[in-house]
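Got your viewer open? Load the model, pick a colouring you like, and keep the selection box at hand.

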Amino acid sequence: MLDNLTKLTYQTFQQSKNYFGLAHKILSSQLRNLVHPTVVQMSNASPEVIVKLQNRLNQLLEADWQDAQKQIYPQSLLFDNSWEDFFRYYPMLCLDLPQMWERITQNRYQDFSPETYQEGYPNYYLQNFHHQTDGYLSDLSANLYDLQVEILFGGAANPMRRRILAPLKHGLQKFQGLPPRQLRILDVACGTGATLKLIRAAMPQASLFGTDLSPAYLRKANQLLCQNPGELPQLLQANAEELPYLDNYFHAVTSVFLFHELPASVRQTVIEQCFRVTKPGGVLIICDSIQMNDSPDLADMMDGFPKMFHEPYYRHYIADDLVERLEKVGFQDIEIQVHFLSKYFIAYKKEG
Ligand SMILES: C[S@@+](CC[C@H](N)C(=O)[O-])C[C@H]1O[C@@H](n2cnc3c(N)ncnc32)[C@H](O)[C@@H]1O
């Protein structure tokens, strides 16, 4: 009885985030129409696609609920929400919209304020991904990022991120003789720390590491993660093409929403690096966008996404064979999962 009530509360909570995301999208596109009627609009999804998306979302929420029931992670995670950030930064997100539209109308996709430091970053990275002001290079961007992702996915970003936790725990089972603190897990391109926070909740004692190219995002991750009990994850600024860790160091490596933002050759290099730092017997879990071959019914949506959200490498990503890339460097036993709008590649490094 109590469980049913909790489940209903969870579903209502998630559905309200979904409606909030929808309301924001509708309102902001109406406003944008008034100010900049020429900006490219995503074509309206057909009723069939909307039903498919709602079914996929319901399945994701059911999987999320079931994993919490199995105690893969605490049930409290299902209700976790950064209200302070919401009230503080949602007004800023709205105030940021006009300059974002301005950039879109003028086709300015590599536009950074003079205060941002741009030296030393690879060219492919210096982009206003998702039309974000300052790309990944400012504190403003880091403060708005999670809200923007919440709106984009209708509140389903964390339920999608949490789908890595069951395979992660499963993949680590073979190391269960080790004291939990000796289990080392790396999150590549950890951004503002959302995935590390989830891993910490599921594995309170493991040693966690995070790396990202953006100092601003790492600062934000640090703020988020130090509010949680348990040892603080070790965060390092680094390019995922040259991970600053020893060979065979981590029992598990995760990466969430990175690969669609990399050019093809960089995708391969990052996979090579993930292989190098993973221990024999260890697991790599990639979570990223769905692709054409697993979701042809959402082809129109995927087609419109890169232009609508400025994702210059997405079109190549959705047709890319990541399994081939993973096998090429030596990963094996690759399992694929799809949940809502995300796809998961779970790959093992052969035991030595
Ligand atoms: C879409 S965000 C995903 C962030 C986070 N994993 C999440 O789940 O929200 C992409 C992240 O990848 C980082 N990134 C992009 N290219 C990178 C690279 N070559 N090396 C390290 N980080 C990179 C960006 O700074 C950004 O934080």
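This tour of a predicted model goes from the ligand to a strand residue, then to a helix and two loops.

**Stop 1: the ligand.** Select the ligand and show what lies around it. Its shell holds 21 residues, and the closest are Y125, Y145, A189, D212 and V256. Colour that shell by class and you will find 14 nonpolar, 4 polar and 3 charged residues.

Now turn to the backbone, and look for the nitrogen atoms of the ligand. What is the distance between a nitrogen atom of the ligand and a backbone N or O atom of V256? That distance is 2.8 Å. At A240, a polar backbone atom is also found 2.8 Å from a ligand nitrogen, and for L213 the corresponding distance is 3.2 Å. Switch on a surface here: the ligand taken alone would expose 590 Å², of which the protein buries 99%.

**Stop 2: D212.** Stay with one of the closest residues to the ligand, D212. You will find D212 in strand β2, which covers residues 207-212. Is D212 buried or exposed? With a relative accessibility of 9%, D212 counts as buried, because the cut-off for buried is under 20%. Leaving aside residues up to four places away in sequence, D212 touches Y125, A189, C190, G191, Y217, L218, L236, Q237 and A238. For a sense of scale, add R32 to the selection: it is 180 residues from D212 along the chain, and their C-alpha atoms are 33 Å apart.

**Stop 3: helix α10.** Select residues 299-308 and show side chains for M302, F305, P306 and M308, the buried residues of α10. They span an arc of only 165° around the axis, so they sit on the same side of α10. Next, bring up what covers them, including α1 (2-35), α4 (139-152) and α11 (314-317). Before leaving, step past the end of α10 to H310, where phi is positive, near 40°.

**Stop 4: two loop asparagines.** Most residues other than glycine have a negative phi, so the next two selections are worth a look on a Ramachandran plot. Pick N107 in the loop between α3 (83-105) and α4; its phi is positive, near 50°. Then go to N248, in the loop between β3 (234-237) and β4 (250-256). What is the phi of N248 near? It is near 55°, again a positive value. N248 has a relative accessibility of 34% and therefore counts as partly exposed.

Methods: Residues are numbered from 1 along each chain as its sequence is written. This is a predicted model: local features need pLDDT of at least 70, side-chain atom pairs count only at pLDDT 80 or more; totals for chains, interfaces and linings use all residues. Side-chain values use heavy atoms; hydrogens and water are left out. Buried means under 20% relative accessible area, exposed over 50%, partly exposed in between (1.4 Å probe, protein chains only). Helices (H or I, at least four residues) and strands (E, at least two) are DSSP runs, numbered from the N terminus. The arc is that of the directions from the helix axis to the C-beta atoms. Contact means heavy atoms within 4.5 Å. A residue is near a molecule or strand if one of its heavy atoms lies within 4 Å of it. A polar contact is a pair of N or O atoms within 3.5 Å; within protein, one must be able to donate a hydrogen and the other to accept it, and residues adjacent in sequence count only if both atoms are side-chain atoms. Accessible areas come from the Shrake-Rupley method with a 1.4 Å probe; for residues, only the protein chains shown count as cover. Ala, Val, Leu, Ile, Met, Phe, Trp, Tyr, Cys and Pro count as nonpolar, Asp, Glu, Lys and Arg as charged, and the others, Gly among them, as polar.
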